[in-house]
Structures are given as structure tokens and as C-alpha cells.
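Work through the exercises below with the model open. Try each task before you read its solution.

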Amino acid sequence: MKNTDETRNVGQFIPLHYHFHMLNAEERMNAFRTAIELIVQPGDTVLELGGGTGVLSFFAAQKAARVFCVEYNLDLVDAARELLKQNPNGDKVEVIHADGFEYMPPQPVHVVVCEMLHVGLLREKQLEMIDSFKTRYSKAFPQSPMPIFIPGATFQAIQPVQQDFNFSGYYAPVVQIQDAYGSWPKTEALGNPVIYQQIMYDQPYSLECKWNGVLQIDTPGKFNALRVITKSILAVMPETKALVDWHNHYMIHPLGSEIAVEQGQTFEVGIDYMSGAPLTAFKPEVRPC
């Protein structure tokens with residue numbers, strides 16, 4: 001893969017310190033650890049695509065016999081190798097410097113972990129990566145069943161909101177990224193989220209994020225933004241059937257103008273972009289019904 005502006009824009013060169021910061025995201029860490037503990041069985045072989053610091057491969061190595069951890073960013077490869085040396089069963093993990101779009105493990109695997117997820121499935125290459133892997137894996141190991149994927153599914157939704165875009169007196173209607181597990185007093189929901197995309201990773205899917213539908217206003221206010229919600233299902237608890245899920249950060253996308261709205265009002269929304277595209281590719285069309 002060429003080191004170009006385009007590859008930087010789609011998340012191939014996320015700064016090293018950001019990966020270190022993600023280790024502090026307890027909701028993400030705990031959800032993936034729980035899912036990996038449920039799905040990986042003793043003696044399994046596991047592949048992680050886009051290994052980052054190696055933490056998800058570390059979780060897998062606690063039960064797996066062998067883990068292949070593929071990472072393209074050489075700085076992260078060095079960091080993951082050094083960190084795994086300092087953790088139990090880190091020796092089970094082979095960190096491989098390779099492009100995940102080209103790498104194929106030397107043997108069939110039982111589980112594939114791939115967390116290249118960004119809100120809206122923008123910027124990072126989750127859909128493209130798993131789609132490419134499935135095609136190449138079927139050719140490399142035609143007699144082997146497809147491995148289990150973590151996550152197993154991703155759901156995307158949009159929600160009408162009233163957003164305060166004033167920052168210490170400076171008005172700036174710009175894209176906002178919000179912690180899904182935090183509190184956002186400057187954001188007021190005007191209606192319920194509506195799902196616009198469902199991805200099941202073990203099934204065929206499109207790389208296009210395209211939807212036309214209707215949002216309803218439940219609370220009067222000033223409709224000036226959409227909140228994009230991306231949630232992944234990582235595993236299912238076998239006894240209770242409860243979901244192990246994880247929310248990406250939300251994205252607040254300004255509409256460019258404010259619309260005074262009343263309860264019961266509806267709006268047609270059109271969405272059309274390719275997964276993995278820059279954030280600027282998200283350009284919804286919104287109009288009153």
C-alpha cells in the first residue's frame with residue numbers, strides 16, 4: 001500500500017499515541033475482552049487484522065494455541081512486539097508486518113478479530129478488509145469453514161438532534177465527535193434513532209452505505225444536526241442470550257441551517273457514501289416530508 005495522503009485519510013496512519021490512548025477506553029477494552037473470552041476456545045488459531053498495540057491478540061492468546069497479529073504500521077509492529085513480551089502468553093502471538101489486504105495465514109484459523117471501526121464506517125477499512133479476507137480465504141482454504149468474526153455485526157443509525165455549536169462565544173457549526181458513553185449537555189435529541197445499515201460479517205454485504213428513509217420529530221426544537229450512531233455486536237452470551245456490544249464514538253453532523261420543528265413532523269433523509277471514505281463524504285440530504 002502506498003504511503004499517500006489518501007491512505008492517511010482512511011486511517012492507515014493513525015498516530016501511535018492515539019493507539020496508546022485507546023488502551024484507556026474501558027468500555028471498548030472490556031467488551032472485546034469479554035467477547036474474545038466467549039468465542040475463542042482452547043487450542044484455537046486466531047488471526048487479528050490491524051493489530052495496533054496487540055491488546056486484542058493478547059486477549060485471544062489467553063486461550064488460543066496460536067495468534068497471528070497483522071499490522072501495517074511499522075511503529076505499531078515494534079510497539080506490539082515489545083508490549084507482548086511483557087504480558088502472559090504474549091509468546092503465543094506472532095506480530096507480522098504486512099498489509100492486511102494481502103496477508104493470508106499459513107493455516108486455517110478459527111476466529112478473526114478485526115477492529116478497524118470508525119463512526120459511520122468512515123475513514124477506516126473494516127468492511128473492505130473483511131470482504132477482501134473472505135474472498136482470499138475461500139480460495140486459499142476451500143475445504144475449511146469460514147472462521148467466526150469479531151465483531152459479528154455492525155448496526156448504523158441516525159438521529160435528529162438540536163446541537164449547540166457555540167464555543168466560548170464562537171459560533172462554529174462543525175462536525176463533533178462524542179464519547180458514546182459520556183454526557184453531552186449541548187446535544188438534545190429531537191427523535192429516536194433510525195437504523196440505516198445492518199452488516200452481518202459472515203454474510204455477503206455491500207461496501208456502499210446507502211439509505212433513504214424518514215425521521216420523525218418527537219420533541220419540539222431547532223433541528224440543526226444529525227447524530228450518527230455506530231454499534232457493533234461482538235458476541236452473544238450463551239446462557240442469557242444477552243449481547244456483548246460496543247458503541248463507537250458518535251458523530252454530530254451539522255445540517256448547515258436550523259429548522260424550527262414541532263412534534264410529529266417528519267423529514268426524508270438520503271444517505272449515500274462508500275465505507276472507508278473520509279468524514280467529508282458523509283453528506284446527507286434532508287428535506288421535510
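The exercises cover two sheets and one helix.

This is a predicted model, with residues numbered from 1 along each chain as its sequence is written. Local features need pLDDT of at least 70, side-chain atom pairs count only at pLDDT 80 or more, totals for chains, interfaces and linings use all residues, and side-chain values use heavy atoms, leaving out hydrogens and water.

**Exercise 1. Lay out the parallel sheet.**

Task: Find the strand order of the open sheet of 5 strands.

Solution:
- Helices (H or I, at least four residues) and strands (E, at least two) are DSSP runs, numbered from the N terminus.
- Two strands pair if DSSP finds at least two bridges between them.
- The order is β3-β2-β1-β4-β5, with parallel pairing.
- β3 and β5 (148–150) are the edge strands; each pairs on one side only.
- From one strand to the next, the twist averages 20 degrees (axes are lines fitted to C-alpha atoms, for helices over the stretch in contact; angles run from 0 to 180 degrees between N-to-C directions).
- Now take one pair: β1 (residues 45–49) and β4 (residues 111–114) share 4 bridges.
- In that pair, V46 stands opposite V111.
- Helix α6 (residues 126–140) packs on this sheet and touches β1, β4 and β5. Its direction makes about 155 degrees with that of β4.

**Exercise 2. Check helix α5.**

Task: Test the length of α5, then find its buried side.

Solution:
- α5 has 12 residues (74–85). The expected span is 1.5 Å times one less than the number of residues.
- That gives 16 Å; the end C-alpha atoms are 17 Å apart, which agrees.
- L76, V77, A79, A80 and L84 are buried (under 20% relative accessible area, 1.4 Å probe, protein chains only).
- They cover an arc of only 170 degrees, taken from the directions from the helix axis to the C-beta atoms, so they sit on the same side of α5.
- An α-helix has 3.6 residues a turn, so residues three or four places apart point the same way.
- Cover for these residues includes α2 (16–22), α4 (55–61), β2 (66–71) and β3 (93–97), by contact (heavy atoms within 4.5 Å).
- α5 lies across β2 and β3, at about 165 degrees to β3.
- N73 caps the N-terminal end: a side-chain oxygen lies 2.9 Å from the backbone nitrogen of D75.

**Exercise 3. Lay out the antiparallel sheet.**

Task: Which strands are the edge strands of the sheet of 3 strands?

Solution:
- The open sheet runs β12-β16-β17, with antiparallel pairing.
- The edges are β12 (208–216) and β17 (285–288).
- 9 bridges join β12 to β16 (residues 266–274).
- W211 stands opposite I271 in β16.
- The twist averages 10 degrees from one strand to the next.

Key. Buried < 20%, exposed > 50% of the residue type's maximum accessible area, 1.4 Å probe, protein only. Polar contact = N/O pair within 3.5 Å; in protein donor to acceptor, adjacent residues only side chain to side chain.
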